[in-house]
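Subject: Handing over the structure

Dear colleague,

I am passing the structure on to you with this email, and below it you will find my notes on what was found. Please read them with the structure open beside you.

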Amino acid sequence: MGGQLNIEELTAAGVEILHLLQDYHRPPAHREMLIDPILYAYMKGRFGAVTRQHHVAVYGSQKPKRIDFRVGGSNPTVLELAVRSPLGSGSLLGGQNTSELRKLCKVSTTQAKLRALLLIDLYANHYTKDALKDSYDAVHAGPGKFQRCPVRVVYVHMNNRFNFAWSPYK
């Protein structure tokens with residue numbers, strides 16, 4: 001237990017979840033709300049200092065928004081999760097994850113060194129890096145005067161894995 005969450009470790013977590021789900025003839029978890037506790041348990045066992053529902057203030061909102069996970073330590077990380085089901089519903093494209101990106105980019109560097117969006121793809125056909133990145137390049141960080149930080153998008157499919165940086169400055 002312990003260690004720091006980085007892009008390589010985050011990719012490995014996504015791959016491990018895909019392998020765990022393959023142990024079932026018909027995977028019991030195929031939606032984000034069902035995979036969330038599996039990821040939480042994996043990360044809690046691997047990194048220890050993991051909390052759920054980390055609050056972040058968002059311009060124009062009276063109450064804080066919540067980010068799925070925060071991993072503490074000397075290089076803290078905030079993490080949002082998105083899942084595409086085996087049926088293909090619940091897209092992983094940039095437009096569908098705008099609110100996640102906007103929350104993550106508003107987390108200051110004192111609260112997190114890495115801001116990541118983990119995309120777990122259970123659908124048979126996988127995305128290409130270029131197609132997925134193009135959809136994220138079209139998303140902007142929204143209005144307001146605040147410091148914006150880049151977000152690392154990590155895509156995991158049984159047959160394809162990649163990551164890229166999403167810049168909130170467009």
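In which helix does Ala 13 lie? Ala 13 belongs to helix 1, and before I say more about that residue I should mention that what you have is a predicted model, so that every value below is computed from it.

To set the scene, the secondary structure of the protein amounts to four helices and six strands, and, read from the N terminus, these elements follow the order α-α-β-β-β-α-β-α-β-β. Of the 170 residues in the protein, 45% are buried. Among contacts in the protein with a separation of 6 or more, 68% are between residues 24 or more positions apart.

Returning to Ala 13, this residue is buried, because its relative accessible area is 0%, which falls under the 20% that serves as the limit for buried residues. If its neighbours within four places in sequence are left aside, Ala 13 is in contact with Leu 39 and Tyr 42. There is also a distance to give for Ala 13 and Arg 46, which stand 33 residues apart along the chain and whose C-alpha atoms are separated by 9.3 Å.

These details lead to the pairing of the two helices concerned. Helix 1 covers residues 7-22 and helix 2 covers residues 32-47, and their axes come within 11 Å and cross at roughly 125°; helix 1 and helix 2 are therefore oblique to each other, and their crossing is right-handed. On the side of helix 1 the contact is made by Glu 9, Ala 12, Ala 13, Glu 16, Ile 17, Leu 20 and Leu 21, while helix 2 contributes Ile 35, Ile 38, Leu 39, Tyr 42, Arg 46 and Phe 47. Sorted by class, this contact of helix 1 with helix 2 has 10 nonpolar residues and three charged residues, with no polar ones.

Helix 2 also holds Met 43, which is buried, with a relative accessible area of 0%. Apart from neighbours within four places in sequence, Met 43 is in contact with Leu 5, Gly 48, Val 50, Phe 69, Val 71 and Leu 79. For one of these partners, Val 71, the separation from Met 43 is 28 residues in sequence and 8.3 Å in space, taken from C-alpha to C-alpha.

Two further residues may be of interest to you. Arg 84 is placed in strand 3, which covers residues 77-84, and Arg 84 is buried, its relative accessible area being 8%. The side chain of Arg 84 is joined to that of Asp 121 by a polar contact of 2.8 Å.

Is Ala 131, by contrast, buried or partly exposed? Ala 131, found in helix 4 (residues 129-137), is partly exposed, because its relative accessible area is 39%, a value that lies between the limits of 20% and 50%. Ala 131 and Leu 93 are 38 residues apart along the chain, and their C-alpha atoms are separated by 8.9 Å.

With best regards

Key. Residues numbered from 1 in each chain as written. Predicted model: local features only at pLDDT ≥ 70, side-chain atom pairs only at ≥ 80, totals over all residues. Heavy atoms only, no water. Axes fitted to C-alpha atoms, helices over the stretch in contact; angles between N-to-C directions. Helix = DSSP H or I, 4+ residues; strand = E, 2+ residues; numbered from the N terminus. Parallel < 35°, antiparallel > 145°, perpendicular 65-115°, else oblique. Left-handed = near helix turned anticlockwise from the far one by under 90°. Contact = heavy atoms within 4.5 Å. Nonpolar A, V, L, I, M, F, W, Y, C, P; charged D, E, K, R; others polar. Buried < 20%, exposed > 50% of the residue type's maximum accessible area, 1.4 Å probe, protein only. Polar contact = N/O pair within 3.5 Å; in protein donor to acceptor, adjacent residues only side chain to side chain.
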